[in-house]
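Dear colleague,

Please find below the structure for your consideration. My notes on its ligands and on one of its pockets follow it.

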Amino acid sequence: MPKENIMNIYYDENMPYAAQMFAGMGNLYPFAGRTLAADSLIDADVLLVRSITQVNEALLANSPNIKFVGTATIGFDHIDRDYLTSRNITFTSAPGCNATSVAEYVLSSLVVLAERYQFSLLTKTVGIIGAGNTGTRLSEKLDALGITYKLYDPFLAESVEDNRVFSTLDEVLACDVVSLHVPKTLDGDHPTFHLLNEQRLESFREDQILINACRGEVIDNQALLHLKQKGHSLTLVMDVWENEPNVLTELIAFCDIATAHIAGYSLEGKARGTEMLYQAVCQCIDKPVENFLVDYLPKPAIGHIELQQEFDEITLNQLVKMVYDVRRDDGIFRQQLASHGFDYIRKTYPVRREFSAITVTQTNNVNGTQVYQLGFTQQ
Ligand SMILES: NC(=O)c1ccc[n+]([C@@H]2O[C@H](COP(=O)([O-])OP(=O)(O)OC[C@H]3O[C@@H](n4cnc5c(N)ncnc54)[C@H](O)[C@@H]3O)[C@@H](O)[C@H]2O)c1
Ligand SMILES: O=C(O)[C@H](O)[C@H](O)COP(=O)(O)O
């Protein structure tokens, strides 16, 4: 790599605080991720992308100097890692950066559905498919709320280091709520492409809830549309779609909650991705880490909430909706998709903070004042 200050660093314009964190480390060139062209990267040393940029030979063949590629996202199915290895290009992703954000999206969806259909979340079992960072973050929130769940993850089930109890795929698919948290994979022992194919979709009960906030291709969207067109009443929460940004628009009307791949779009979630890449570049060029996300994040609009009664499902409903109400994003999606397009909605996403940014206190006669975090763990 060239010395610090003379590196050419190309970064997706949708990476919060990238200009601040990488300032002084070289020449900085923001770009639009969907339209990045190979001939604009000829002098690139460092390339920092998000999920909408396909990084492969076609993009990098004419970039002889490139030594580092990073994606400020959890998923890396848009990166041809074999090609990067063949060029000896260092690669890093941002594992877990927005896992909390996705878990909060799922929780907000469950709270909204519980109110809409008048059921108690405490009577439901959630099936989590994929028990990595995001599935785990969700399970921790469910644990804290006393909501039961089952985990399916054939890779972790075999790991001696993971002593959680795992269920079979069929057991998890039979849960009241099924929430998908797997990467998009096309091969290996357990590929996830069309994991929910026509046959598995047909076996869903009418009273189940299906949530997809991982990758669109994990569900066969055409098969799902056909199922709904036949009158199946499975409740759908869809954040991700096959063939983004050109989604199967007929499916949207059958969704209770439909959003534009924004489950991971909390400010913290996106900015953590930037910070993780900044740290990785620093390590690559042997430079001390001098910038920290905590110094950039603004104060949240609501910083503190005081509960005047015991924490229960009613307060949960109020608190979750006050901090992040997924119906806002559902409304934006339905209103703006046709007129502005999928990418515009994502690019202009309004600031959303994670529950951890807000402190909750509760004072009662028995225990005095207690402090909660909206991750629902008592401190
Ligand atoms: N909607 C969004 O905004 C958003 C945000 C973050 C991540 N994602 C997607 O969610 C995926 C999961 O995120 P994560 O942070 O949990 O990733 P992770 O890598 O921490 O965990 C994924 C887990 O899935 C498991 N897995 C792989 N194949 C499986 C299969 N066939 N069946 C069951 N489990 C399987 C893996 O063993 C792993 O434990 C990412 O790869 C990304 O594509 C979407
Ligand atoms: O994989 C991820 O981290 C998420 O899907 C992420 O939210 C994608 O956001 P994008 O890179 O498309 O802005």
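A polar contact is taken here as a pair of N or O atoms within 3.5 Å. Please bear in mind throughout that this is a predicted model.

Ligand 1

With that cut-off, a nitrogen atom of ligand 1 is in contact with the backbone of A213, where an N or O atom lies at 3.0 Å. The protein covers 89% of the 850 Å² of accessible area that ligand 1 has on its own. Two elements, α5 (133–145) and α6 (154–157), each give two or more residues to the shell around this ligand. The largest share, three residues, comes from α6.

Oxygen atoms of ligand 1 also meet the backbone. At N133, a backbone N or O atom is 2.8 Å from an oxygen atom of the ligand. At G132, the distance between a polar backbone atom and an oxygen atom of ligand 1 is 3.5 Å.

In total, 26 residues surround ligand 1, and N98, N133, T134, D153 and H190 are the closest. Sorted by class, this shell holds 12 nonpolar, 11 polar and three charged residues.

Ligand 2

The surroundings of ligand 2 consist of R50, S51, T73, I74, G75, N98, R215, H261, Y265 and R346. By class, two of these residues are nonpolar, five are polar and three are charged.

Three polar contacts to oxygen atoms of ligand 2 may be of interest. In S51, a polar side-chain atom lies 2.5 Å from such an oxygen. The backbone of I74 places an N or O atom 2.6 Å from an oxygen atom of the ligand. From R346, an N or O atom of the side chain is 2.8 Å from an oxygen atom of ligand 2. Of the 360 Å² of accessible area that ligand 2 has on its own, the protein covers 94%.

N98 thus appears in both accounts: N98 is among the closest residues to ligand 1, and N98 is also one of the residues around ligand 2.

The second largest pocket

The second largest pocket contains about 270 Å³ of space. It is lined by 14 residues, of which S51, Q54, D77, E217 and E244 are the closest to its centre. The lining comprises two nonpolar, six polar and six charged residues. Domain 1 (7–93 + 266–295) and domain 2 (99–258) each contribute at least three residues to this lining. S51 therefore deserves a second look in the display: S51 lines this pocket and its side chain also contacts ligand 2.

With kind regards

Note on methods: Residues are numbered from 1 along each chain as its sequence is written. Chains are lettered from A and ligands numbered from 1 in the order in which they are written. This is a predicted model: local features need pLDDT of at least 70, side-chain atom pairs count only at pLDDT 80 or more; totals for chains, interfaces and linings use all residues. Side-chain values use heavy atoms; hydrogens and water are left out. On a 1 Å grid over the protein atoms alone, a cavity is a set of points where a 1.4 Å probe fits but cannot get out, and a pocket is an open set with protein on both sides within 12 Å along at least five of seven lines; lining residues have an atom within 4 Å of a point. Grid points are joined across faces, edges and corners, and a volume is the space filled by probe spheres set on the points. Ala, Val, Leu, Ile, Met, Phe, Trp, Tyr, Cys and Pro count as nonpolar, Asp, Glu, Lys and Arg as charged, and the others, Gly among them, as polar. Domain bounds come from an automatic or database domain assignment. A residue is near a molecule or strand if one of its heavy atoms lies within 4 Å of it. A polar contact is a pair of N or O atoms within 3.5 Å; within protein, one must be able to donate a hydrogen and the other to accept it, and residues adjacent in sequence count only if both atoms are side-chain atoms. Accessible areas come from the Shrake-Rupley method with a 1.4 Å probe; for residues, only the protein chains shown count as cover. Helices (H or I, at least four residues) and strands (E, at least two) are DSSP runs, numbered from the N terminus.
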